[in-house]
Amino acid sequence: MQHWARRLEQEIDGVMRIFGGVQQLREIYKDNRNLFEVQENEPQKLVEKVAGDIESLLDRKVQALKRLADAAETFQKAHRWQDNIKEEDIIYYDAKADAELDDPESEDVERGSKSSSLRLDFIEDPNFKNKVNYSYTAVQIPTDIYKGSTVILNELNWTEALENVFIENRRQDPTLLWQVFGSATGVTRYYPATSWRAPKKIDLYDVRRRPWYIQGASSPKDMVIIVDVSGSVSGLTLKLMKTSVCEMLDTLSDDDYVNVASFNEKAQPVSCFTHLVQANVRNKKVFKEAVQGMVAKGTTGYKAGFEYAFDQLQNSNITRANCNKMIMMFTDGGEDRVQDVFEKYNWPNRTVRVFTFSVGQHNYDVTPLQWMACTNKGYYFEIPSIGAIRINTQEYLDVLGRPMVLAGKEAKQVQWTNVYEDALGLGLVVTGTLPVFNLTQDGPGEKKNQLILGVMGIDVALSDIKRLTPNYTLGANGYVFAIDLNGYVLLHPNLKPQTTNFREPVTLDFLDAELEDENKEEIRRSMIDGNKGHKQIRTLVKSLDERYIDEVIRNYTWVPIRSTNYSLGLVLPPYSTFYLQANLSDQILQVKYFEFLLPSSFESEGHVFIAPREYCKDLNASDNNTEFLKNFIELMEKVTPDSKQCNNFLLHNLILDTGITQQLVERVWRDQDLNTYSLLAVFAATDGGITRVFPNKAAEDWTENPEPFNASFYRRSLDNHGYIFKPPHQDTLLRPLELENDTVGVLVSTAVELSLSGRTLRPAVVGVKLDLEAWAEKFKVLASNRTHQDQPQKCGPNSHCEMDCEVNNEDLLCVLIDDGGFLVLSNQNHQWEQVGRFFSEVDANLMLALYNNSFYTRKESYDYQAACAPQPPGNLGAAPRGVFVPTIADFLNLAWWTSAAAWSLFQQLLYGLVYHSWFQADPAEAEGSPETRESSCVMKQTQYYFGSVNASYNAIIDCGNCSRLFHAQRLTNTNLLFVVAEKPLCSQCEAGRLLQKETHSDGPEQCELVQRPRYRRGPHICFDYNATEDTSDCGRGASFPPSLGVLVSLQLLLLLGLPPRPQPQVHARAASHRL
């Protein structure tokens, strides 16, 4: 077998030396040494420059934010409250007006709205990816807020003055994107004006629930939610509580910590989390699922619930926010004030705020609940029906904002958010936020107002930040990344969410964006701590097509981005320390090389694909490379490579590489007969963006990415020494390869390493494309005992000669498998169509043996950015989820019609259409996504790579009477494993099958992960206490008695079975509360 292996190695090496042209390409580069310079990437200087550029970009947004916040506070202070203000008095552009006018069933059309909404004209702006109007602001008001209420009209009145400040900000900085004021009343005023992206279903957007608003409106939180599940909690009330807890969780961000417990006589956590955990997306999902399992029984025991909550908040042995501490209690009522518990745990300092929520319709005395909240610096809320849930589960933020307002200028600090999806279509953004305070006083000598007016925000698109980073000088495997204090990536080549939910931030941890190891944990911690650093590490990287793992050396360099919570890192392979910069000052040479890009030259010089880069501002992009090349040539006939509107570095390097690869055709490829060695094509790809494929006809079957930096073969060849085989990708769900003449090929590539004046770099990759059928036959001959053209001699088990892969193919299985475990070549004709498949799908028994004998190592990881098809809705039964259906006896009972149950049912039906999740199985539908839209999910990925065994190895697969002997040996200077095995005699060993295919997963067990949380740091500032805070405003009860008209309507609804129309809910917050 070793003899066969040497023959295979020699054949591969011989073909690559003759046709690959590695040595000849080195000589071509040296012959053209006067046409380029070798430049150095100095990591420390590079990363500091980029960090400084990002800091300058963000600082310009900070100045605009401060002007806006100061102006808002001034305008509101000067505004006079108007009790008798009318809708027709306020003229503004209602961002949802166009959609509502198109919808004859909208509430405004139905009510005959009197609001004077402007009709605007819009122009397309590529920066916003939207049509905008620069002369006006737009206003968005949540669906469940009545836009004609006095509070809203006054808010619209004073915020109108912000329009001129928005416009002036844009004049000073034309690069500004969305400028937004999110009001604590729920009104959003943003600039420039654009129509709202109204969903197909009910629009539930409320600025107060956006990640950027929550982060700007209060300091981080440690929250314990306790839910009364005693027997008195009726079925409907329990449903309300479950929904309320889920809505409360949505008001928390990754800077917050939370736990949820239920209580009756005893208290216990609803999930597997036994302590406060970070309120990230995955932990909140665990809570939301666990809450649905709560069951009501037993008697109410407030003491058990509060003692559990205080113990949670006093646990100092865990990671937590260490800022605002609070307990949120949901109950249907009770008489115990548990004063002794508060005296023991919270008085006299009252460091923990208590918020109480009376849920459902009942006749209990609410005074104890009010007292608990008022004596513990909290607030009392009532949630009589589903329509009150959203507003009352977010109003606590006003209370938490009090210390921030009272701190004044000290609290006016800009914070930058996590990455999230912009609701207006801008894509992934970060937002700078600044709180806006109410500076009014109730009268001379009165106490200072302590209410937050809202949050000012300015978006920065990630694409704008990315433009500040070097793209093509770092090589195919070098990159820049940035993380925040949570370790989430702001920039990273692997930050590619397949689908986004605008309600949730995009939280991809650095250790999930890359393959985690101890070195990266150390780098991440140092970056979060705001340190500078540099470290060379040996690590694993996943290939671009996510099929392979390579062990590589990388240099990491990092610095903090001043005035932000971000840190910037640079990753460079050692071979990317230097790069080529073309210097084509000779215009005659420019023209000569440029001619080799013309399609008229392809027949003699081979087909050229050019990387679709942004060479010039006026170059029209296209996904079709032929069309892109045509656009490029047309533009180059109008401008020169030295034009100011073009990227001279990219253009000069592209044209240089066009000439250099043409010389390779001239010196090597044109004079060779590819058919002699059964080659379909030869090719070269370069850092400059050229991929030349020879002969021209081979380009018809060329499927690799025209951008070399995005081509898996290119990046892997740079990271590995020797010849890298890449079989055609086959999905097990697709039909097998169709082995037609000259169509199916196996790519073999290798990097070209240059050494110029002691500086080493790899500016190109060359290779060949093997004809699969012809090489499968050649493989049999090379792995046989015949020499030259001798006729093969068949050997049997009882003969004196040795068996081989050619004549004994009925008895022996001979295969070449690549380093990812994919079949490359086989001596079995029926397996040719399986080339490119994971070998376990071809011979599970043998692949398992190779894995068990350490020829392969397995690496498992999770892709948190995957998209999955929506699950079909479950059977909802005869009634919508969570709806109480009265019995016939109830209908016949007159007392029932005047009961709280009937009234609560009416309100539940009333808001059912607005809160779509109440009636449907999938709460995401309320966002208005199309039914077929994919949703984000977690996928488990498994890759295999070569293990520790390098030498030839023999082993027996022990299957009793069906044992198999196999031999395996790595082929030198390749990524191939040569395996010869006896064919299986029976199928008793088919037990184990290794899986490589990506599979749907719930991800790692969250209950275990929270026991070893990743390192993070919260924001540097905390405002949770101010001695001058006035806590007297702590909530009052309100009754909602049903009127006779309502009862009649209810009766008709129930008898006729007609779906109710949603009615507006007026959140009549007292004027003194807000303005």
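In what order do the six strands of the open sheet run, and with what pairing? The views below start with that sheet. The model is predicted.

**View 1. An open sheet of six strands with antiparallel pairing.** The strand order is β26-β28-β27-β31-β30-β29. β26 (607-610) and β29 stand at the edges. Each has a single partner strand, so one side of each is left without a neighbour in the sheet. From one strand to the next, the twist averages 20°.

**View 2. The edge strand β29 and its pairing with β30.** β29 and β30 run antiparallel and are joined by three bridges. Lys726 has its bridge partner in β30, namely Leu747. β29 covers residues 724-726, and β30 covers residues 745-756.

**View 3. Helix α24 lies across four strands: β27, β29, β30 and β31.** The helix runs at about 130° to β31. Why is α24 (residues 712-719) largely enclosed by the rest of the structure? Seven of its eight residues are buried, so the surroundings close around most of the helix. Phe713, Tyr714 and Leu718 are among the buried residues, and so are Ser712, Arg716, Ser717 and Asp719. Buried here means under 20% relative accessible area. The packing partners of these buried residues are β22 (533-542), β23 (549-560), β27 (679-686), β29, β30 and β31 (759-771).

**View 4. Helix α10 (residues 281-291) and its buried residues.** The buried residues are Asn283, Lys284, Val286, Phe287, Ala290 and Val291. Seen down the helix axis, they fall within an arc of 155°, so they line one face of α10. An α-helix has 3.6 residues a turn, so residues three or four places apart point the same way. The buried residues of α10 pack against two helices, α9 (235-249) and α31 (1006-1009), and against the strands β10 (257-263) and β12 (277-278).

**View 5. The crossing of helices α1 and α23.** α1 spans residues 2-20, and α23 spans residues 648-669. Their axes come within 9 Å and cross at roughly 120°. The two helices are therefore oblique to each other; angles of 65 to 115 degrees would count as roughly perpendicular. Which residues make the contact? From α1 come Ile18, Phe19 and Gly20; from α23 come Leu664, Val668 and Trp669. By class, five are nonpolar, one is polar and none is charged.

**View 6. Two cis peptide bonds, each leading into a proline.** One runs from Tyr191 to Pro192, with omega near -5°. Pro192 sits in the loop between β8 (188-191) and α8 (211-217). The other joins Phe694 and Pro695, with omega about 0°. Pro695 belongs to the loop between β28 (690-694) and α24.

**View 7. Arg350 and Asn973, residues other than glycine with positive phi.** Phi of Arg350 is near 55°. Arg350 is placed in the loop between α12 (339-345) and β14 (352-359). Is Arg350 buried, exposed or partly exposed? Its relative accessibility is 27%, so Arg350 counts as partly exposed. Phi of Asn973 is near 65°. Asn973 is in the loop between β37 (964-970) and β38 (976-982). Asn973 is partly exposed too, because its relative accessible area is 40%.

Methods. Residues are numbered from 1 along each chain as its sequence is written. This is a predicted model: local features need pLDDT of at least 70, side-chain atom pairs count only at pLDDT 80 or more; totals for chains, interfaces and linings use all residues. Side-chain values use heavy atoms; hydrogens and water are left out. Buried means under 20% relative accessible area, exposed over 50%, partly exposed in between (1.4 Å probe, protein chains only). Contact means heavy atoms within 4.5 Å. Two strands pair if DSSP finds at least two bridges between them. Axes are lines fitted to C-alpha atoms, for helices over the stretch in contact, and angles run from 0 to 180 degrees between N-to-C directions. The arc is that of the directions from the helix axis to the C-beta atoms. Angles under 35 degrees count as roughly parallel, over 145 as roughly antiparallel, 65 to 115 as roughly perpendicular and the rest as oblique. Ala, Val, Leu, Ile, Met, Phe, Trp, Tyr, Cys and Pro count as nonpolar, Asp, Glu, Lys and Arg as charged, and the others, Gly among them, as polar.
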